[in-house]
Amino acid sequence: MTITTNQANNRLLLILTLGVFGILNTEMGVVGIVPIIAEHFNISVPDAGWMISLFALVIASTAPLVPLFFSQINRKITMVLALSVFVISNIVSIFADSYAIQLVFRAIPAIFHPVYITIAFTTAAASVKQEDIPKAVARLFVGVSAGMVLGVPVTSFIADEWGFSMAMVFFTAVNIIVLLATLLFIPSMPVNNKLTYGKQLGVLKKPVLWISVIAAILMNAVMFGFYSYLSDYLHSVTLLSFKIISVLLFAYGMTNIIGNILAGRLLSRKPHSTLIMMPILLVGLYILLFVLGTYAFAITVILLLLGLCVGIANNGNQFMVSTSAPDAPEFANGLFLTAANLGTTLGTFVCGLIISGWGTQYTVLGAALFAALGFIGIVIRNRVFIITNTAKRT
């Protein structure tokens, strides 16, 4: 049976979405089991948070350069290599009983995380018309949300029932499935239009790109500084069991997927106003969390709205950075990943300090502060972006 170009593109986007899910599942799945990690290795909750922040820090430090190095290599070969490293590292994590070894084998796959994700974003954008790029990229972000919808709560349930090592088995199985799908169904993808390293690095001269990166760092700190400790917040502040927490994380992820779908449409139609509204809404939701954190019903409603806004905001971060350097898409997506993971590291670190100093309940105020700073960054970014593009047209 002959496959049309549209069908081939849809299959490619589906597999890339599954691949993004597999990678993000390994990165973010541990979010739901931070207290269990702390108990398993007999360490504090902030120390257990390094399972998240170290992964993010490695990505942040390698994301611009590693994808640049692989940018002229066949994309299928590169994706297979990245997924293989994830599989091997997860297998080691199943049997390692030292927290130091766990951290080492969290760091190794993190080096290859940006390689796969940048290829996914670049390939998705190249497969559709210019006006449909936000929608195509939004489909990949469904894979990110699926890591929360399925990865985080399922990991939390598995670890609660059978222990930390079985959660690592889950990560391994998911990545093996994605690796096999890539080997079997993704065609060879040689890089035909090879950009020189100098041309790609040349986009660093653009002020709007740097402002976009800073704004994305702040906005990611907003979203994941609190989310990294969400399971601990629900357990220690709202006093919920881990089984109920798993259900709430699932619901949060479902609304996150809806947010991704909405983001593709909103960013195609009204990008600047969409970007500006997200930090305003997030500030309000975090303040409500602080005030109503002990009420289970209120928390449920707030988390559903929060998941929706975070889904839109996460797409907005990628949109800000990628549209600031459209002539070097892979390098720009690498910078987006750097910004995202620097934000995750910054947010997790600051919120961890807040937990140590004042208690888990106050983490939401740290997130609200980052949201206020993110609003300022986005306003400046939009203004510079409009001025720059107006000057190009005149």
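These legends accompany an overview and several close-up views of a predicted model.

**Figure 1. Overall fold of the protein chain.** The secondary structure comes to 17 helices and zero strands. The radius of gyration is 20 Å, close to the 21 Å that the globule rule gives for 394 residues, so the chain is as compact as a globular protein of that length. Along the principal axes, the C-alpha atoms fill a box of roughly 55 × 45 × 40 Å. Of the 394 residues, 58% count as buried. The accessible surface comes to about 16,000 Å². Carbon and sulfur atoms account for 72% of that surface. Take the contacts between residues at least 6 apart in sequence: 85% of them join residues at least 24 apart.

**Figure 2. The aromatic pair of Phe121 and Phe336.** The structure holds 15 aromatic pairs, and this view shows one of them. The ring centres of Phe121 and Phe336 are 5.9 Å apart. Their planes meet at 70 degrees, and the pair is edge-to-face. Phe121 lies in helix α7 (residues 99-126), and Phe336 lies in helix α16 (residues 329-357). The pair links distant parts of the chain, with the two positions 215 residues apart in sequence. Phe121 has 4% relative accessibility, so it counts as buried. Phe336 is also buried, with a relative accessible area of 4%.

**Figure 3. The aromatic pair of Phe157 and Trp162.** The ring centres lie 6.0 Å apart. The planes stand at 85 degrees, so this pair is edge-to-face. Phe157 counts as partly exposed because its relative accessibility is 38%, between the 20% and 50% cut-offs. Trp162 has a relative accessible area of 56%, over the 50% cut-off, and is therefore exposed.

**Figure 4. A cluster of aromatic rings.** Three residues appear here: Phe41, Tyr99 and Phe164. Ring pairs link them into a cluster.

**Figure 5. A charge over a ring at Arg381 and Phe385.** The charged end of Arg381 sits over the ring of Phe385. The distance from that charged end to the ring centre is 4.4 Å.

**Figure 6. Ala328 in a loop between helices.** Ala328 is found in the loop between α15 (296-324) and α16. Is this loop residue buried or exposed? Its relative accessibility is 0%, so Ala328 counts as buried. Val203 is 125 residues away from Ala328 in sequence. In space, the two residues are 7.2 Å apart, C-alpha to C-alpha.

Conventions. Residues are numbered from 1 along each chain as its sequence is written. This is a predicted model: local features need pLDDT of at least 70, side-chain atom pairs count only at pLDDT 80 or more; totals for chains, interfaces and linings use all residues. Side-chain values use heavy atoms; hydrogens and water are left out. Rings of Phe, Tyr and Trp (its six-membered ring) pair if their centres lie within 6.5 Å; planes under 30 degrees apart count as stacked, over 60 as edge-to-face and the rest as tilted. Helices (H or I, at least four residues) and strands (E, at least two) are DSSP runs, numbered from the N terminus. Buried means under 20% relative accessible area, exposed over 50%, partly exposed in between (1.4 Å probe, protein chains only). A charge sits over a ring if NZ of Lys or CZ of Arg is within 6 Å of the ring centre and within 35 degrees of the ring normal. The radius of gyration is taken over C-alpha atoms; the globule rule is 2.2 Å times the number of residues to the power 0.38. Contact means heavy atoms within 4.5 Å. Accessible areas come from the Shrake-Rupley method with a 1.4 Å probe; for residues, only the protein chains shown count as cover.
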